[in-house]
Amino acid sequence: MKAAKFAIAFALIAAVTHADERYEQNFNRTLAYRGGRVTIENRFGPIDIRTGSGRNVIVRATIRSSDAELGKNIRIETSDGPGGISIKTVMPSVISRHGHLSFSIDYDVVVPDEAPLYVSNHFGEINAAGIRAASEFVNRQGSISLRDSAGRQRLENSFGSITIDHATGSVEATNTNGSITASRIDGKLAATNRFGSVTVDGVKGDVSATNANGSVEVRDVGGDAAVTNAFGGTRVSHVTRNIAVTSNNGRIDAHNIGGSATVSGSFDTIDLKDIGGPTSVSNGNGAVNLADIRGNVNVATRFGPVRAERIRGSINVVNQNGSVTASDVAGNATVRGSFGSVFLKGVDGAVDVQNQNGGIAVAGLRGTCNAVNLRTSFASIKVAVPRSVGYNVEARTTFGSINADIPLSVTRRSDETLNGTINGGGCRMELVNSNGSVTIAGE
């Protein structure tokens with residue numbers, strides 16, 4: 001028994017002794033660059049890369065390990081030739097020591113301006129600055145940072161963030177389980193992510209952003225912006241040209257758009273403001289709010305209200321199981337609805353509303369002759385007309401009354417029908433209801 005206890009105590013002392021061992025070795029090498037691609041492959045440690053003015057690739061690395069035997073078996077292999085330069089970390093095939101081991105291989109590499117790069121890492125960050133040639137950066141479980149680059153750049157990561165700042169060329173970034181942040185991009189940007197946010201600020205070209213299970217924010221874009229998202233909020237602002245946004249199960253906010261907007265969503269609100277061109281919206285199970293649209297508007301939705309104001313074109317809304325409210329419309333107003341009320345005010349053009357199981361109220365007609373066609377069931381119709389405009393009125397209902405609170409010359413009247421003229425006639429007004437009243441008022 002005593003011998004067994006002694007053996008156990010000795011083993012514990014040995015484990016502590018091994019854990020306290022420290023190994024460190026520096027690696028320095030200069031390689032002549034003769035063209036081709038510079039490839040850097042590492043595991044378990046950071047890679048810092050920057051450009052220099054010379055024609056050489058300068059490699060400085062530090063190998064660190066908590067175990068001397070392991071540290072001595074980690075190698076850095078390099079090769080150079082007309083086809084390019086390769087720098088690679090080679091790990092021992094078998095790590096036999098039991099217990100907790102720690103090790104890292106830290107790189108500091110200087111490359112010529114014109115050298116394209118392929119950089120791969122695992123369990124460590126990649127930091128690149130001043131890269132001028134088209135390059136590719138791939139990482140696993142570590143961040144990627146790219147600053148002050150030129151040329152086309154591609155970044156791919158998982159379980160770590162991607163940060164791009166000041167790129168004069170186009171950039172493609174793909175990530176999973178980590179954020180993407182891009183700013184001051186002079187070319188185009190394509191960002192794809194899952195389980196992390198996408199934030200874009202300041203792109204002179206077009207932007208394409210795709211995400212799932214994370215938010216997307218895009219602002220200050222000189223070209224077009226296209227966003228696809230799911231299970232996360234989407235915000236788009238200050239885009240010079242057009243936007244196209246599709247999102248499911250997340251709120252969509254867009255404002256200060258110079259061109260047209262095409263937006264599709266579900267199960268949350270769509271809020272659009274200050275859009276410079278035609279706007280098309282589809283939604284389901286969420287509200288649609290529109291304001292200051294400088295073009296025609298088309299909305300198709302269900303199970304949510306629609307509110308629109310200051311529309312500098314015509315508006316066409318199809319809504320099922322939701323109300324429609326529109327005011328200050330420069331063109332025509334056309335609404336198809338069911339199980340929700342329709343309120344229209346301040347329309348310059350023709351008004352055409354067909355509703356079911358919901359009331360209709362129209363006021364503030366501003367044109368010299370607004371054609372009015374209103375139809376509904378199981379609810380009331382009320383229209384207020386300017387006293388200076390003439391109308392030919394045809395109103396009918398079943399199981400309801402027809403009332404006129406404005407001077408009207410009657411040509412035909414019954415319990416369910418009223419035909420006549422207002423101010424000598426002129427514009428056509430047709431009001432049709434069933435199981436509800438009809439009221440014509442002046443203003």
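# Guided tour from strand 43

Select strand 37 (residues 381-385) and strand 43: the two run parallel and are joined by 5 bridges. Strands count as paired if DSSP finds at least two bridges between them. Strands (E, at least two residues) and helices (H or I, at least four) are DSSP runs, numbered from the N terminus. The model is predicted: local features need pLDDT of at least 70 and side-chain atom pairs count only at pLDDT 80 or more, while totals for chains, interfaces and linings use all residues. Residues are numbered from 1 along each chain as its sequence is written, and side-chain values use heavy atoms, with hydrogens and water left out.

**Stop 1: strand 43**

Stay on strand 43, residues 438-442. Of its 5 residues, 4 are buried (under 20% relative accessible area; exposed is over 50%, partly exposed in between; 1.4 Å probe, protein chains only). Show Ala384 and Ala441: Ala441, in strand 43, stands opposite Ala384. Next add strand 39 (residues 402-405), which runs parallel to strand 43 and is joined to it by 4 bridges. Here Asn403 has Thr439 of strand 43 as its bridge partner.

**Stop 2: Val372**

Move to strand 36, residues 372-377, and pick Val372. Is Val372 buried or exposed? Its relative accessibility is 2%, so Val372 counts as buried. What does Val372 touch, not counting residues up to four places away in sequence? The list is Val351, Leu365, Tyr391, Arg428, Met429, Glu430 and Leu431, where contact means heavy atoms within 4.5 Å. For a distance to set in the viewer, take the C-alpha atoms of Val372 and Val362: they are 9.3 Å apart in space and 10 residues apart in sequence.

**Stop 3: strand 11**

Select residues 144-149, which form strand 11 and include Asp148. Ser145 is also in this strand. Ser145 has a relative accessible area of 15% and is therefore buried. Leaving aside neighbours within four places in sequence, Ser145 is in contact with Ile126, Asn127, Ala128 and Thr163. Between the C-alpha atoms of Ser145 and Ala128 the separation is 6.1 Å, with their positions 17 residues apart along the chain.

Now go to Asp148. Most residues other than glycine have a negative phi. Asp148 is not a glycine, yet its phi is positive, about 55°. With 34% relative accessibility, Asp148 counts as partly exposed.

**Stop 4: Asn285**

Where is Asn285? Look in the loop between strand 26 (279-282) and strand 27 (288-293). Asn285 has a positive phi too, near 60°. Its relative accessible area is 34%, so Asn285 is partly exposed.

**Stop 5: the whole chain**

Zoom out to the full model. How many helices and strands are there in the protein? There are 2 helices and 43 strands. The C-alpha trace spans about 115 × 65 × 25 Å along its principal axes. The radius of gyration is 34 Å, whereas a compact globule of 443 residues would have one near 22 Å; the radius is taken over C-alpha atoms, and the globule rule is 2.2 Å times the number of residues to the power 0.38.

Colour by accessibility to finish. Buried residues make up 48% of the 443 residues. Of the contacts with a separation of 6 or more, 30% are between residues 24 or more positions apart.
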